[in-house]
Amino acid sequence: MSETKTPGQDAEANEKRTRILVVDDSITMRLFYRSVLEAAGFEIEEAANGLEGYERILIQNFDLVIVDINMPKMDGYTMIRAVRGDPAVRRLPAVFVSTEAGEKDAILAYEAGANFYLVKPVVPVDLTEVARLMTGVVGP
């Protein structure tokens, strides 16, 4: 007996979208990242601060986290240090995005566990390329 499937069901089952968590206290920045990355085919979730972001990482699977540095409740450095200290999630790639353009700031981000560091304002094509690089997604 054959199983009845709805049109597109096989494609949906075989197409796993790459999931990115965006952690930034600015709703404007979260919406910007969402619009750019969704247009590139990524599935986006959001968190408004480092504590919320860390909690989401612990209960959901993500392929990449994009995190701001200066946020209330828990800053980006502290959040990524917590991620790197947790064996269950420590391999999650992390991209820091900050208004801090100094070399010292980038060094602090890498010491906290960043895989990549971008300075705001981020050019959409750069954000997309870094997301693809960090997740292994091939572009169009």
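The following paragraphs lead through a predicted model, from its sheet to its helices, its cores and two individual residues.

The sheet is the natural starting point. Five strands form an open sheet in the order 2-1-3-4-5, and their pairing is parallel. Strand 2, residues 43-47, and strand 5, residues 116-119, are the edge strands, each of which pairs on one side only. From one strand to the next, the twist averages 20°. Within this arrangement, strand 1 (residues 19-23) and strand 3 (residues 64-68) run parallel and are joined by four bridges. Isoleucine 20, for instance, has leucine 64 in strand 3 as its bridge partner.

Two helices that pack on the sheet may be considered next. Helix 2, residues 27-39, touches strand 1, strand 2, strand 3 and strand 4 (94-98), and its direction makes about 170° with that of strand 2. Helix 5, residues 103-112, touches strand 4 and strand 5; the angle between its direction and that of strand 5 is about 145°.

Helix 4 spans residues 76-84, and its buried residues are Gly76, Tyr77, Met79, Ile80, Val83 and Arg84. Viewed down the axis of helix 4, these residues fall within an arc of 165°, so they line one face of the helix. The elements against which the buried residues of helix 4 pack are strand 1, helix 3 (50-59), strand 3, strand 4 and helix 5. At the N-terminal end of helix 4, aspartate 75 acts as a cap, with a side-chain oxygen 3.2 Å from the backbone nitrogen of tyrosine 77.

The packing of helix 4 leads to the nonpolar interior. The largest nonpolar core comprises 24 residues, and Val23, Ile57, Val65, Met79 and Phe96 are those with the most contacts inside it. At least two residues of this core are supplied by each of strand 1, helix 3, strand 3, helix 4, strand 4 and helix 5. Helix 4 provides the largest share, four residues. Valine 65 shows how these elements meet: with neighbours within four places in sequence left aside, valine 65 is in contact with Leu21, Val23, Ile57, Met79, Ile80, Leu92, Pro93, Ala94 and Val95. There is also a second, separate core of 19 residues, and Leu37, Val95, Val122 and Met134 are among its members.

Phenylalanine 96 offers another view of the largest core. This residue lies in strand 4, and phenylalanine 96 counts as buried because its relative accessibility is 0%, against a cut-off of under 20%. Although phenylalanine 96 and valine 65 are 31 residues apart in sequence, their C-alpha atoms are 8.5 Å apart in space. Not counting residues up to four places away in sequence, phenylalanine 96 touches Val67, Ile69, Gly76, Tyr77, Ile80, Ala109, Ala112, Ala114, Phe116, Tyr117 and Leu118.

Glutamate 46 is the second residue to examine. Its place is in strand 2, which is one of the edge strands. With a relative accessibility of 18%, glutamate 46 falls under the 20% cut-off and therefore counts as buried. The side chain of glutamate 46 is joined to that of arginine 30 by a polar contact of 3.0 Å. Leaving aside neighbours within four places in sequence, the residues in contact with glutamate 46 are Leu21, Val22, Arg30, Arg34, Glu52 and Arg56.

Technical notes: Residues numbered from 1 in each chain as written. Predicted model: local features only at pLDDT ≥ 70, side-chain atom pairs only at ≥ 80, totals over all residues. Heavy atoms only, no water. Pairing = 2+ DSSP bridges. Axes fitted to C-alpha atoms, helices over the stretch in contact; angles between N-to-C directions. Contact = heavy atoms within 4.5 Å. Buried < 20%, exposed > 50% of the residue type's maximum accessible area, 1.4 Å probe, protein only. Arc of directions from axis to C-beta. Polar contact = N/O pair within 3.5 Å; in protein donor to acceptor, adjacent residues only side chain to side chain. Core = buried A, V, L, I, M, F, W, Y, C linked by side-chain atoms within 4.5 Å.
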